[in-house]
Amino acid sequence: MGRKVRWGVLATGGIAASFTRDLLEMPDDAEVVAVASRSAASAEAFAERFGIPRAYGTWAELAADDEVDVVYVATPHAAHRAAAGLCLEAGRAVLCEKPFTLNVREAGELVDLARERGTFLMEAMWMYCNPVVRRLVEVVRDGAIGEVRTIHADFGLVASDDPGHRLRDPAAGGGALLDLGVYPVAFAQLLLGEPDRVRADALLSPEGVDLNTGVLLGWDSGAQALLSCSVVADTPLTATVTGTAGRIELPRGFFFPEGFTLYREGRDPEEFRVEGRRDSYQYEAAEVMRCLRAGEKESPLVPLDGTLAVMRTLDAVRDRIGVRYPGE
């Protein structure tokens, strides 16, 4: 692979635009060479907007482009299995947006395919690549707060109440859990691993998706995580990790934080800050490119086994609250 990594972007929505904009600010490392959409007009408009040389009106054309090193899959998550699978089948490395898939069965199929083909695959869990979050993990693992006992995290916003909106549509994998709850769950499992017990309760919409969900995860160590997500309430978007010797507090926007505060008895609060844009997608892009240059097929920051573990928890939560998607 040459000095620059050549990216293809699959989908042309808002998150695809944000990711592409950040890639283009990494001119020494990344080059965006192609974009694909189910609509040729949409792909061509996106390509013109960002100066991308090739625009495709089908996903298959992008997957077949031998001048693409890695494809960023930015479709709604109900299409992740099909889109990422198409690219992996064609031998393209893939960075797939979160939530990784609708369920752990689909996730396992993608992971098995990538491992069988020896092709790089990573979930776009940008939180795990954020330098502040990485520093927090180091502080916790160094024992600064002792043994972790509780984690609190929430992610809620007020979304459209239109039954046709994707967050209300079961066929689109709608609801609060997959779109927003994946962050609190992934945060808890980053620090504690896969839980031993899962409990949950939710308010469901007439369409059958979750609008307001509470989750209690338990570990045999005695640790617990109290998590919530909502598409009907603007919650604080904060997180707290409490241990036997102290606690860490993350401010609003815990999943792309500007810093955190460490509290320990008998000491002044300690502030941790890391230079750089808190909302940048460049951190996950840089990790993908590092892996590709090193010949690594999985990222140690966002391991596939960890992605599968989060999907198992999300499936367990949906089982508890009674949410099923078409075809499951």
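In the predicted model, Asp 169 is in contact with Pro 163, Gly 174 and Val 209, when neighbours within four places in sequence are left aside. The residue is located in the loop that runs between strand β7 (148-156) and helix α8 (176-192). Its side chain also takes part in an arrangement with the backbone: a polar atom of the Asp 169 side chain lies 3.0 Å from the backbone nitrogen of Ala 171.

The relative accessibility of Asp 169 is 27%. Because buried residues have under 20% relative accessible area and exposed residues over 50%, Asp 169 is classed as partly exposed. With respect to Ala 43, Asp 169 is separated by 126 residues in sequence, and the C-alpha atoms of the two residues are 25 Å apart in space.

The interior of the model was also examined for cavities. One cavity of 30 Å³ or more is present in the structure, and the volume of the largest cavity is about 40 Å³. The lining of the largest cavity is formed by Glu 123, Met 125, Tyr 128, Val 302, Pro 303, Gly 306, Thr 307 and Val 310. Helix α10 (residues 304-321) provides the largest share of this lining, with three residues. In terms of residue class, five of the lining residues are nonpolar, two are polar and one is charged. The charged residue is Glu 123, because Glu counts as charged. The polar residues are Gly 306 and Thr 307, because Gly is counted among the polar residues and Thr belongs to neither the nonpolar nor the charged class.

Notes: Residues are numbered from 1 along each chain as its sequence is written. This is a predicted model: local features need pLDDT of at least 70, side-chain atom pairs count only at pLDDT 80 or more; totals for chains, interfaces and linings use all residues. Side-chain values use heavy atoms; hydrogens and water are left out. Helices (H or I, at least four residues) and strands (E, at least two) are DSSP runs, numbered from the N terminus. Buried means under 20% relative accessible area, exposed over 50%, partly exposed in between (1.4 Å probe, protein chains only). Contact means heavy atoms within 4.5 Å. A polar contact is a pair of N or O atoms within 3.5 Å; within protein, one must be able to donate a hydrogen and the other to accept it, and residues adjacent in sequence count only if both atoms are side-chain atoms. On a 1 Å grid over the protein atoms alone, a cavity is a set of points where a 1.4 Å probe fits but cannot get out, and a pocket is an open set with protein on both sides within 12 Å along at least five of seven lines; lining residues have an atom within 4 Å of a point. Grid points are joined across faces, edges and corners, and a volume is the space filled by probe spheres set on the points.
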